[in-house]
Amino acid sequence: MMNTTEDSTAQPGPAGQPKAGDRRRARALAMQGLYQRHFSKSSITDIESEFIVDNDMSKVDTAYFRDLLRGVHREQAELDRLLEPFLDRPIHEVDAIELAIIRLGAYELKHRLDVPYKVVINEGIEMAKKFGGTEGHKFVNSLLDKLSHRLRMAETRPR
């Protein structure tokens, strides 16, 4: 198996922008890493290294993967504080997959202004449909939509 280097990143798309599919795969891997961290005592650095070695990163925006994984982990308490007003239950009762997805979405809404809020919400919905429970995508949609109005007021304001 060929080991990708730590500095490998996916090829940019038009106008130097990362390809949407490469970012989608980065989000999915970051979500899976956050899910794994939820249940393991492994460090986030060990999880990151494991994912880079065990996955074909040639079509993954590796820098984006790292930013999401490390950023969500580093800011978990703050992200949880942002999410809690919109939850219908204590955060520790949220399904681990859905929790990883909404934390990831919250991080993107807060820090990745280069990603439109509608893209953040849609990507969260798609991950919830693929990895979560039957109705999980509705929960993710509702929560990220509400949070987007708080974190991206200028972008979500009716025109």
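Arg27 touches Tyr64, Leu68, Leu104, Glu108, Val115, Val119, Glu123 and Met127, leaving aside residues up to four places away in sequence. The model is predicted. Arg27 sits in helix α1, which runs over residues 20-39. Its relative accessible area is 3%, so Arg27 counts as buried, the cut-off being under 20%. Arg27 and Val60 are 33 residues apart in sequence, yet their C-alpha atoms lie 9.1 Å apart in space.

**Overall make-up**

The protein has eight helices and zero strands. Along the sequence the pattern reads α-α-α-α-α-α-α-α. The chain counts 159 residues, and 47% of them are buried. Take the contacts with a separation of 6 or more: residues 24 or more positions apart account for 72% of these.

**Three helices and their spans**

The table sets the expected span, at 1.5 Å a residue, beside the distance between the end C-alpha atoms.

| Helix | Number of residues | Expected span | End C-alpha distance |
|---|---|---|---|
| α1 | 20 residues | 28 Å | 29 Å |
| α6 | 15 residues | 21 Å | 21 Å |
| α7 | 16 residues | 22 Å | 22 Å |

For α1, the end-to-end distance agrees with the expected span. The values for α6 agree. So do those for α7.

**What is buried, and what covers it**

Start with α1. Its buried residues are Gly21, Asp22, Arg23, Ala26, Arg27, Ala28, Leu29, Ala30, Met31, Gly33 and Leu34. The cover over them includes α2 (44-54), α3 (62-74), α5 and α6.

Next comes α6. Here Tyr117, Val120, Ile121, Glu123, Gly124, Ile125, Met127 and Ala128 are buried. Their cover includes α1, α5, α7 and α8. Two of the buried residues of α6, Glu123 and Met127, are among those touched by Arg27.

Then α7, residues 136-151. Which residues of α7 are buried? They are Gly136, His137, Phe139, Val140, Leu143, Leu144, Leu147 and Ser148. These buried residues cover an arc of only 155° around the axis, which puts them on the same side of α7. What covers them includes α4, α5, α6 (117-131) and α8 (153-156).

**Where α4 meets α5**

Helix α4 spans residues 76-83 and helix α5 spans residues 96-111. Their axes come within 10 Å and cross at roughly 95°. Angles of 65 to 115 degrees count as roughly perpendicular, so α4 is roughly perpendicular to α5.

From α4, the contact involves Gln76, Glu78, Leu79, Asp80, Leu82 and Leu83. From α5, the partners are Ile102, Arg103, Ala106, Tyr107 and Lys110. By type, the residues of this contact divide into six nonpolar, one polar and four charged.

**Asp80**

Is Asp80, in helix α4, buried or exposed? Asp80 is buried, with a relative accessible area of 10%. Leaving aside residues up to four places away in sequence, Asp80 touches Ile91 and Arg103. Arg103 belongs to the α5 side of the α4 contact.

**Two charged residues together**

Arg27 in α1 and Asp80 in α4 can be read side by side. Arg27 has a relative accessible area of 3%. For Asp80 the value is 10%. Among the residues touched by Arg27 are Glu108 and Glu123, while Arg103 is one of those touched by Asp80.

Note on methods:
Residues are numbered from 1 along each chain as its sequence is written. This is a predicted model: local features need pLDDT of at least 70, side-chain atom pairs count only at pLDDT 80 or more; totals for chains, interfaces and linings use all residues. Side-chain values use heavy atoms; hydrogens and water are left out. Axes are lines fitted to C-alpha atoms, for helices over the stretch in contact, and angles run from 0 to 180 degrees between N-to-C directions. Helices (H or I, at least four residues) and strands (E, at least two) are DSSP runs, numbered from the N terminus. Angles under 35 degrees count as roughly parallel, over 145 as roughly antiparallel, 65 to 115 as roughly perpendicular and the rest as oblique. Contact means heavy atoms within 4.5 Å. Ala, Val, Leu, Ile, Met, Phe, Trp, Tyr, Cys and Pro count as nonpolar, Asp, Glu, Lys and Arg as charged, and the others, Gly among them, as polar. Buried means under 20% relative accessible area, exposed over 50%, partly exposed in between (1.4 Å probe, protein chains only). The expected span of a helix is 1.5 Å times one less than its number of residues. The arc is that of the directions from the helix axis to the C-beta atoms.
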